[in-house]
Amino acid sequence: MAVSVLLVDDEPLVRAGLRAVLEAQHDIRVVGEASDGAAVIPLVRQLAPDVIAMDVRMPLMDGIEATRAVLRAVPRPPKILVVTTFENDEYVYEALRAGADGFLLKRARPAEIVHAVRLVAEGESLLFPAAVRQLAAEYGTSKARAAMKRAALTDRESAVLRLMARGLSNAEIAAELVVGAETVKTHVSAVLAKLGARDRTQAVIAAYESGFVSPG
């Protein structure tokens with residue numbers, strides 16, 4: 001089935017460009033548009049998109065607050081792909097911390113845009129660029145370090161989290177560790193449960209903030 005996408009950006013030209021790129025694909029369809037985060041929840045309830053491509057900076061409700069609102073209000077929320085102009089934007093990092101699933105630059109090439117939508121829709125790997133990893137490390141706290149210590153990950157779970165932080169999918173992690181895909185899924189689920197993380201993005205943020213992995 002095609003991946004359904006809701007576009008949320010206050011610039012009509014950006015929405016038009018994204019629509020043109022995405023609708024050129026046989027497996028992606030744009031089901032709606034909004035010019036501000038304040039309009040997102042009604043559209044999500046009406047259209048049930050798989051992915052929201054959401055600008056991080058908008059006048060009434062920005063992408064950070066809109067992300068929080070969607071995750072609070074929708075029982076089975078769509079994946080959220082943050083779209084922004086600058087890769088070292090602290091707004092992007094805050095949106096990821098709020099629960100967004102990935103990151104996309106507005107200047108990305110068409111193939112990168114399509115790849116990003118497919119990637120977050122699948123939910124098995126991350127869009128977590130170097131600049132955002134550095135921000136995560138800078139946000140490190142003793143609380144994050146203590147939480148990682150309490151998680152008491154096993155050696156294999158630790159290895160899986162490090163590979164998740166590199167952006168590897170379950171299949172790639174399985175190949176790296178020479179184990180089955182189902183085994184990797186089990187380890188990923190255990191990592192998320194021990195860290196109290198909603199998804200892979202939140203687990204990787206915890207890994208960087210705690211110093212468990214470094215941005216280098």
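In the predicted model, the buried residues of helix H5 are Ile113, Val114, Ala116, Val117, Leu119 and Val120. An α-helix has 3.6 residues a turn, so residues three or four places apart point the same way. The cover over the buried residues of H5 includes helix H1 (12-23) together with strands S1 (3-8), S2 (28-34), S3 (51-55), S4 (79-84) and S5 (102-105). H5 comprises 13 residues (110-122), for which a rise of 1.5 Å a residue gives an expected span of 18 Å; the distance of 19 Å between its end C-alpha atoms therefore agrees with expectation. Glycine 123 follows H5 and has a positive phi, near 75°.

The largest nonpolar core contains 53 residues, among which Val8, Ile52, Met54, Leu161, Met164, Ile173 and Leu195 touch the most other members. Beyond its neighbours within four places in sequence, valine 8 contacts Ile52, Ala53, Met54, Asp55 and Met58, as well as Ala34, Asp36, Gly37 and Val40. A second core, separate from this one, has 20 residues, including Val14, Leu18, Val21 and Ile28.

The largest pocket has a volume of about 390 Å³. It is lined by 17 residues, of which Ala144, Ala147, Leu195, Ala206 and Glu209 are the closest to the pocket centre. At least two lining residues come from each of helices H7 (142-151), H10 (181-195) and H11 (200-209). The lining consists of nine nonpolar, five charged and three polar residues. Leu195 is thus named both among the core residues that touch the most other members and among the lining residues closest to the centre of the largest pocket.

Methods
Residues are numbered from 1 along each chain as its sequence is written. This is a predicted model: local features need pLDDT of at least 70, side-chain atom pairs count only at pLDDT 80 or more; totals for chains, interfaces and linings use all residues. Side-chain values use heavy atoms; hydrogens and water are left out. Helices (H or I, at least four residues) and strands (E, at least two) are DSSP runs, numbered from the N terminus. The expected span of a helix is 1.5 Å times one less than its number of residues. Buried means under 20% relative accessible area, exposed over 50%, partly exposed in between (1.4 Å probe, protein chains only). Contact means heavy atoms within 4.5 Å. On a 1 Å grid over the protein atoms alone, a cavity is a set of points where a 1.4 Å probe fits but cannot get out, and a pocket is an open set with protein on both sides within 12 Å along at least five of seven lines; lining residues have an atom within 4 Å of a point. Grid points are joined across faces, edges and corners, and a volume is the space filled by probe spheres set on the points. Ala, Val, Leu, Ile, Met, Phe, Trp, Tyr, Cys and Pro count as nonpolar, Asp, Glu, Lys and Arg as charged, and the others, Gly among them, as polar. A nonpolar core is a set of buried Ala, Val, Leu, Ile, Met, Phe, Trp, Tyr and Cys residues joined through side-chain atoms within 4.5 Å.
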